[in-house]
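Grab your viewer and work through a few short exercises. Each comes with a solution to check yourself against.

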Amino acid sequence: MTTPLHREARDIMAYLKKYSLADQLNTLVNKLCKKKSEDPFGFLAARLRGLAAPASFSKIEAREIIAADGVPALEVDLYCKVEEEAKFIVRAIASPEKKFEFDGSSGFGLSTVATEVSEELTKALAGLKITARNGGELKTQLLCDSAIIKTKEKLPNMALEAVSVAICKAAAKIKDYELFSHISRLDNDGKDIRNYTVPRPMVQLINAEESGLIFPKEICVFPLKSKSFKEQFEQCVNLHKALGNTLGSKFGGSFSNTTSSGGYCPPVSDINQALKLIVDSADNAGIKLGEDLGLCICAGDWKKGYKLSMKESHPNTSEDMIRFYIQLLKRGGIGAIMNPLEPSDFEGWSKLKTALLNVKELEHIIVIGKGMPLDDVRKIQKSADGLVVAFDEETGTVSDIVNLAKTVKESKLVSIVSSSETDANTETFLADLAVGMGAMYVKFGGARGSQNLCKYNRILQISSLLT
């Protein structure tokens, strides 16, 4: 006769057999005994976590918030089903591609978008897994991103990117990985490379665009010597502070204030005046430009042709621009130029390469393509073989960025991760992305403003974790 006790024992045995619990636990205990870990429960917990069923998506809750300088942003909360319960997991923030004017009846312009994001993306992601067992991380992210992209006709890009980032952050948190480590796994078929490169900072000094100048758009500073990120960033910050002091004493206190991007906006009419202010500030701070730090001259998008000032009635030729760059670079202190020519001016890029390589002290100059299609950067690299070309990573869904980063590496390009001009929020995902993707530089604006400093500080934190 079968008793209730027998039935219970039989049910327990069936349950253990269904999930191979006895075998799995026996294997783990044997590994623990072999390892003789000082933290046996931590050892077991870490390995049991890898055997857990993948977490599935539950819902999205989006809301409008106010970010730096009173600019509206979209905040996204992602909930997952963990142990059959819907739990809040992570939060991500994105800024709009354009500025929204205040409207008393509709908040700051994003309240309607927030409602639509909550409804549309909760439906789009219903039933999808957020985590995967080792090796399936990128496929899981890609499936979620594919579902997100299907809503692009109804939702703005920044909403799609925010939710994609939230999914990536959620997967890292549930698996108990540092975010940069999880991103690296996406790029390396689930493998932990354990050999991370901490990027160098490229800090904005001057935002000439807000002064109405055509050229340059901005001037940045970056370290030339291989030191710790902390030492590199401190040097850049010291020059940034010194420039603020110079501008305040020379033009008045208001010019020591920075623009929304964290750079200064001095009342100068051409690049030579701007460079003199930076050189004088470096001298006052005991900083050696060209040895410790180098400047990056960031040109505009050249939509109106090669014009260096409003006074020029006709655009310059690419030959004129190359002569100008060579003369500018020969003065010293400049280590990089960004978008020096139009992306499609392949003949001009080839001539620029020849001109740089013909001057021995300019062979090290880094040339950066920002906001350019990758195909154009590849053509530039081919037509200007021998030129040190860097590619500024574009935004998109996480899987888009991972696939782009792989292509950049295969093309042997130096990569830069930078924040956009409208990125006035405290989301630090880009810092983890830069480390996880092995970027050479990060460019998050000037050394002012919480929206910039939080990203640089996250790199400092990661650097400490890796030391």
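Below are three exercises on this predicted model, each solved step by step.

**Exercise 1.** Find where glutamate 291 sits, and work out whether glutamate 291 is buried, partly exposed or exposed.

*Solution.*
- Start with the backbone: glutamate 291 falls in the loop that links α9 (271–285) to β7 (293–298).
- Next, the surface: the relative accessible area of glutamate 291 is 43%. Buried means under 20% and exposed means over 50%, so glutamate 291 comes out as partly exposed.
- Now the neighbours: leaving out residues up to four places away in sequence, glutamate 291 touches Leu224 and Lys225.
- Lysine 225 is 66 residues away along the chain, yet its C-alpha atom lies 7.6 Å from that of glutamate 291.

**Exercise 2.** Pick out the residues that touch the most other members of the largest nonpolar core, then list the contacts of isoleucine 219.

*Solution.*
- The largest nonpolar core has 114 residues, and the top contact-makers are Leu78, Val117, Val163, Phe215, Ile219 and Ile297.
- Helix α6 (residues 157–175) is the biggest giver to this core, supplying twelve residues.
- A separate core of eleven residues lies apart from it, including Cys220, Cys298, Ile366 and Ile416.
- Skipping residues up to four places away in sequence, isoleucine 219 has among its contacts Val203, Leu205, Ile271, Leu275, Leu295 and Ile297.

**Exercise 3.** Which residues make a nonpolar surface patch of about 240 Å²?

*Solution.*
- Leu25, Leu48 and Leu51 make the patch.
- Zoom in on leucine 25, which belongs to helix α2 (residues 21–35).
- Its relative accessibility is 43%, so leucine 25 counts as partly exposed.

Note on methods: Residues numbered from 1 in each chain as written. Predicted model: local features only at pLDDT ≥ 70, side-chain atom pairs only at ≥ 80, totals over all residues. Heavy atoms only, no water. Helix = DSSP H or I, 4+ residues; strand = E, 2+ residues; numbered from the N terminus. Buried < 20%, exposed > 50% of the residue type's maximum accessible area, 1.4 Å probe, protein only. Contact = heavy atoms within 4.5 Å. Core = buried A, V, L, I, M, F, W, Y, C linked by side-chain atoms within 4.5 Å. Patch = residues over 30% accessible without salt bridge, like charges linked within 9 Å, V, L, I, M, F, W, Y side chains within 5 Å. Areas by Shrake-Rupley, 256 points an atom, 1.4 Å probe, with all protein chains shown as cover. Salt bridge = Lys/Arg side-chain N within 4 Å of Asp/Glu carboxyl O.
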